[in-house]
Amino acid sequence: MQASELRVGIVANEASGDLLGGAIVSELARLVPGLSCVGVAGPCMLAAGCATRFPLERLSVMGLAEVLGHLPELLRMRRELTDYYIKERPDVFIGVDAPDFNLGLERRLRAAGIPTVHMVSPTVWAWRPGRVKGIRRAVDLLLCVFPFEEAFLRRHGVPARYVGHPLADQIPLEVDRSAARASLGLPLSGTLIALLPGSRRGELQRLAEPFIQTAQRCLAARPGLRFVVPLVNPRLHAYFAAQLQRLAPDLPVTLVAGRGREVIAAADCVLTASGTATLETLLLKRPMVVGYRVHPLTYHVVKGLRLVKVQYAAMANLLAGRELAPEFIQDRCRAELLAPAVLALLDDQARVAEITAEYARIHAGMRHNAARAAALAVLELIGRAPGHKDLLSANERE
């Protein structure tokens, strides 16, 4: 890292973390002239001016069993990053989500005297609550993106602050479906279903087939339906296209490079993997069905040890406090169950109106200028917060 007014290390590991990292880097750049950021970055963070030492996709592995095959490389990259940051001494390190990777890195950097921030609370309130001890050792500050997390973490001795979710600020309260379709070159009329089978290779390997088969069943029941699928990189695009050719070469589907937010906005209904996509679909006020599978070994370990402590898998349902988005997990993630759930949403406009209204209420409550709040919290931690009161929200001043 070259000398500059503020040097930041930052690591994300997937598309959702890249979105959050890009928002916070952009805001830090607005607040601090001469910002230098180096870490692991995707397109959003790169566009914000962050340099990357490894391609983000190399860290994008999820699940207990799934990690095992990649563990030597993941450990090697973490060692290299640890050595790099300890040598270069950034003013602060920010780990964005990816707790199994970032908390270990943060613990080592904090022990070396580098201030550490973790953005997005690990779901200790949902599963593996024993991780909270490791969080306390690893972070000087944990930035929470959901409102129920701060009190839980503070009760367990973690220095936490709720800043809100940048997506809630970036996405407007009202979304224009026709404009989204026009931007994607899709027909303005007709019913459109978005398929979001995930942003990782492992997710696609488990979800492409049931999602494509669900689309086939929906089309058989409702001729004239069209489908659209966003895929985050060329490798996943090629894999899904091959599965499509194998299973349903005549399916009326458009594959889109990235642009997941526009795809969701364009749709009448969304079939999505569990994950950040369910939050984004909520914020875009679209009815959804959630299907998800993990590696069988991961599932049996989690289920057998009763590691999950919450009722729902989808963040959209956790925020709503009820199952507005039907969930079909593991063995229930099958086309014969998914398709009727999708069709039911298409046919029940009263239900869709109820879902839309509840999602709008949740969205309005989550808007907190999160990127600004997160950037200011980071700067405050290291004694670099701007002195201008007008930079602080009324909520922060209180």
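## Getting oriented

Helices here are DSSP runs of H or I with at least four residues, strands are DSSP runs of E with at least two, and both kinds are numbered from the N terminus. With that in hand, a label like H13 or S12 is easy to place: Lys285, for instance, sits in the loop between H13 and S12. One thing to keep in mind from the start is that this is a predicted model.

The chain has 19 helices and 13 strands. Of its 398 residues, 52% count as buried. If you take the contacts between residues at least 6 apart in sequence, 69% of them join residues at least 24 apart.

## A seven-stranded sheet

A good place to start looking is the open sheet built from seven strands, in the order S3-S2-S1-S4-S5-S6-S7, with parallel pairing. Strand S3 (50-55) and strand S7 (160-162) are the edge strands; each has a single partner strand, so one side of each has no neighbour in the sheet. Going from one strand to the next, the twist averages 20°.

As a bit of background, strands of a sheet pair through backbone hydrogen bonds, and the pairing can be parallel or antiparallel. Toward the S7 edge, S7 runs parallel to strand S6 (residues 141-144), and three bridges join the two. To find one of these pairings by residue, look for Cys144, whose bridge partner in S7 is Tyr162.

## Strand S4 and its neighbours

Now move to strand S4 (residues 92-96). How many of its five residues are buried? The count is five of five. Cover comes on both faces: Val92, Ile94 and Val96 are buried on one side, and Phe93 and Gly95 are buried on the other.

S4 has a parallel partner in strand S1 (residues 6-11), joined to S4 by four bridges. In that pairing, Val11 stands opposite Gly95 of S4. Strand S5 (residues 116-119) also runs parallel to S4, again with four bridges between them. Here Ile94 faces Val117 of S5. To get from S4 to S5, the chain passes through helix H5 (residues 99-111), and this β-α-β crossover is right-handed.

## Two residues with positive phi

Most residues other than glycine have a negative phi. Asp97 is not a glycine, yet it has a positive phi of about 55°. You'll find Asp97 in the loop between S4 and H5. Is Asp97 buried or exposed? Buried means under 20% relative accessible area, and Asp97 has 18%, so it counts as buried.

Lys285 is another one: it isn't a glycine either, and its phi is positive, about 60°. This residue comes after helix H13. With a relative accessible area of 7%, Lys285 is buried too.

## Helix H13 and what covers it

Helix H13 (residues 276-283) is mostly covered, with six of its eight residues buried. Which ones are they? The buried residues are Thr278, Leu279, Glu280, Thr281, Leu282 and Leu283.

The cover over those residues comes from several parts of the chain. Among the helices involved are H8 (166-170), H12 (260-266), H15 (315-320) and H17 (349-366). Strand S11 (269-272) and strand S12 (288-292) contribute as well.

## Where H1 meets H18

For a helix pair, look at helix H1 (residues 15-31) and helix H18 (residues 370-381). Their axes come within 8 Å and cross at roughly 65°. The crossing of H1 past H18 is right-handed. On the H1 side, the contact is made by Ala23, Ile24, Glu27, Leu28 and Leu31. H18 brings Ala371, Arg372, Ala374, Ala375, Leu376, Val378 and Leu379. Sorted by class, this contact has ten nonpolar residues, two charged ones and no polar ones.

A general point helps when reading such lists: an α-helix has 3.6 residues a turn, so residues three or four places apart point the same way.

## Just past H1

Pro33 is in the loop between H1 and strand S2 (35-41). Is Pro33 buried or exposed? Exposed means over 50% relative accessible area, and Pro33 comes in at 53%, so it counts as exposed. Pro33 and Leu6 are 27 residues apart in sequence, while their C-alpha atoms are 8.0 Å apart in space.

Technical notes
Residues are numbered from 1 along each chain as its sequence is written. This is a predicted model: local features need pLDDT of at least 70, side-chain atom pairs count only at pLDDT 80 or more; totals for chains, interfaces and linings use all residues. Side-chain values use heavy atoms; hydrogens and water are left out. Buried means under 20% relative accessible area, exposed over 50%, partly exposed in between (1.4 Å probe, protein chains only). Contact means heavy atoms within 4.5 Å. Two strands pair if DSSP finds at least two bridges between them. A crossover is right-handed if, with the strands pointing away from the viewer, the path from the first strand over the helix to the second runs clockwise. Axes are lines fitted to C-alpha atoms, for helices over the stretch in contact, and angles run from 0 to 180 degrees between N-to-C directions. A crossing is left-handed if the near helix is turned anticlockwise from the far one by less than a right angle, and right-handed if clockwise. Ala, Val, Leu, Ile, Met, Phe, Trp, Tyr, Cys and Pro count as nonpolar, Asp, Glu, Lys and Arg as charged, and the others, Gly among them, as polar.
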